[in-house]
Amino acid sequence: MKASAAQIRAALAKPGPDIRLYLLHGPDEAGAADLARTLGKAMGPDAERVDLDGAQLKGDPSRLADEAAAMSLFATARHVRVTTAGEESLEAFTTLLNADRAGNPVVAIAPSVKTSAKIVKLALESPRAMAFACYAPTAADAERLAATMAGDQGLRLAGGVARRLVETTGGDRAVMAREIDKLALYLDASAERPQDLEHAALDAVGADLGDAEMTRAIDAVIEGRVADLGTELALLEQAGTSPIPWLRQLVRRLVTLADMRGEIDRGEAVDVVMKRHRVFFREEAQTAKSLRRWSPTMLSTAIARVRAAERAIMASGNAGSVVAEAAVVALSQAIARRN
């Protein structure tokens with residue numbers, strides 16, 4: 001069945017025996033991960049979590065149903081989390097939903113599938129499943145989310161603070177949660193001891209840099225300035241900036257270049273394309289140069305690699321910023337060779 005945002009969050013916060021599968025699909029992988037954590041909290045601190053992925057389910061489709069029906073040997077409750085689920089998980093999900101019994105809830109994160117995917121259709125049509133499409137929140141939604149998350153930590157936001165939190169974290173829920181945790185600790189705030197969060201606290205504690213600093217690193221990648229990129233990455237690293245926001249900004253820049261390059265290749269004039277995409281006049285020359293140097297194939301490959309780096313960073317036991325830095329340095333070097 002299809003679920004709204006309120007319905008899926010409520011269902012995950014209080015899982016019932018009728019729903020076996022919670023399918024979280026769509027490009028907002030951070031939002032899906034946040035919802036998946038809601039189920040983990042609902043199961044309790046002593047619950048056992050079984051982690052699987054799409055590749056494992058493809059190799060052993062019956063395992064998911066077995067894990068959902070198995071009793072925990074070490075905990076009072078048990079649940080299953082499936083990451084990077086895709087169409088290869090169709091047989092496993094079908095077996096789970098058709099099984100005679102399944103006492104342990106399953107939450108599956110499927111960031112790369114579309115609403116037309118077979119696993120989404122399966123979940124929508126089954127009374128034993130809930131499907132929710134995860135999309136990045138709008139700016140207004142993200143600010144409301146920041147205010148809600150801060151309020152849960154006992155922080156009362158001054159004017160403009162919610163917007164600043166969203167901008168410096170790229171609207172990423174997980175990154176935003178970590179920043180709010182740091183700020184609550186700094187101000188000794190809690191639900192029982194609420195404190196005002198002013199801009200001064202963000203200046204003192206908020207390590208993430210603003211758009212200008214991240215933009216310099218992104219420009220260095222796009223323009224193939226490898227030496228400058230090293231300097232900018234070092235500054236971001238020293239400031240403790242999460243790679244997620246600037247990786248997402250880089251993807252948006254690459255997607256825009258790909259769209260513009262496609263329009264030009266179809267015969268449209270460069271200046272017309274520039275105006276349509278509202279390129280700032282001082283950036284037109286450099287943008288035109290980038291459009292000449294980045295081929296459609298290179299842009300497609302770069303987008304895939306940056307998105308893969310983001311997914312790798314969000315996975316458990318990851319190497320953190322090293323993954324992001326390796327990916328963007330390789331891209332910058334490739335473009336430098338085309339000078």
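Hi everyone. Let me begin with a term: buried means under 20% relative accessible area, exposed means over 50%, and partly exposed is what falls in between. Arg 276 comes out at 42% relative accessibility, so Arg 276 counts as partly exposed. Please keep in mind throughout that this is a predicted model.

Let's stay with Arg 276 for a moment. Its side chain meets that of Glu 268 in a salt bridge, at 2.7 Å from N to O. Glu 268 is partly exposed as well, because its relative accessible area is 27%. Elsewhere, Glu 48, Arg 63, Glu 67 and Arg 78 are joined into one network by salt bridges that share partners. The count of salt bridges comes to 19.

One pair from that network deserves a look. The side chains of Glu 67 and Arg 63 form a salt bridge with an N to O distance of 3.3 Å. How far apart are Glu 67 and Arg 63 in helix 4? They are 4 residues apart in this helix, residues 63-69, so about one helical turn separates them. Now for their surroundings. Glu 67 has 14% relative accessibility and therefore counts as buried, while Arg 63, at 30%, counts as partly exposed.

Helix 13 offers another pair with that kind of spacing. Arg 261 forms a salt bridge with Asp 265, and their closest N and O atoms are 3.2 Å apart. Arg 261 and Asp 265 are separated by about one helical turn, because they sit 4 residues apart in helix 13. Arg 261 is buried, with a relative accessible area of 18%. Asp 265, on the other hand, is partly exposed at 47%.

Helix 13 also takes us to the pockets. The second largest pocket holds about 660 Å³ of space. It is lined by 23 residues, and the closest to its centre are Pro 27, Ala 136, Arg 248, Arg 252 and Glu 310. Which helix gives the most to this lining? That is helix 13, with 4 residues. At least two residues each are supplied by helix 7 (139-152), helix 8 (161-169), helix 13 (243-265) and helix 16 (296-314). For those of you thinking about the chemistry of the lining, it divides into 10 charged, 8 nonpolar and 5 polar residues.

Next, a residue that touches some of these names. Asp 28 is in the loop between strand 1 (21-25) and helix 2 (29-43). Is Asp 28 buried or exposed? Its relative accessibility is 5%, so Asp 28 counts as buried. What is Asp 28 in contact with, once its neighbours within four places in sequence are left aside? The contacts are Cys 134, Tyr 135, Ala 136, Pro 137, Arg 173 and Arg 248. Two of the names there, Ala 136 and Arg 248, also came up among the residues closest to the centre of the second largest pocket.

Strand 1 leads us on to strand 4. Strand 4 covers residues 106-110, and 5 of its 5 residues are buried. Val 106, Ala 108 and Ala 110 point one way, Val 107 and Ile 109 point the other way, and all are buried. That fits a general pattern: in a regular strand the side chains alternate between the two faces of the sheet.

What does strand 4 pair with? Strand 1 and strand 4 run parallel and are joined by 5 bridges. One example is Leu 23, whose bridge partner in strand 4 is Ala 108. Strand 3, residues 78-83, also pairs with strand 4 in the parallel sense, over 3 bridges. Here Arg 81 stands opposite Val 107 of strand 4.

Last, two backbone details for anyone who likes checking torsions. Asp 188 is not a glycine, yet its phi is positive, at about 55 degrees. Asp 188 is found in the loop between helix 9 (173-187) and strand 7 (195-197), and it is partly exposed, with a relative accessible area of 46%. Arg 278 likewise is a residue other than glycine with a positive phi, near 55 degrees. Arg 278 has its place in the loop between helix 14 (270-276) and helix 15 (284-293). At 79% relative accessibility, Arg 278 counts as exposed.

That's my tour. Thanks for listening, and I'm happy to go back to any part of it.

Technical notes:
Residues numbered from 1 in each chain as written. Predicted model: local features only at pLDDT ≥ 70, side-chain atom pairs only at ≥ 80, totals over all residues. Heavy atoms only, no water. Buried < 20%, exposed > 50% of the residue type's maximum accessible area, 1.4 Å probe, protein only. Contact = heavy atoms within 4.5 Å. 1 Å grid on protein atoms, 1.4 Å probe; cavity = no way out; pocket = protein on both sides within 12 Å on 5 of 7 lines; lining within 4 Å. Points joined across faces, edges and corners; volume = space filled by probe spheres on them. Nonpolar A, V, L, I, M, F, W, Y, C, P; charged D, E, K, R; others polar. Salt bridge = Lys/Arg side-chain N within 4 Å of Asp/Glu carboxyl O. Pairing = 2+ DSSP bridges.
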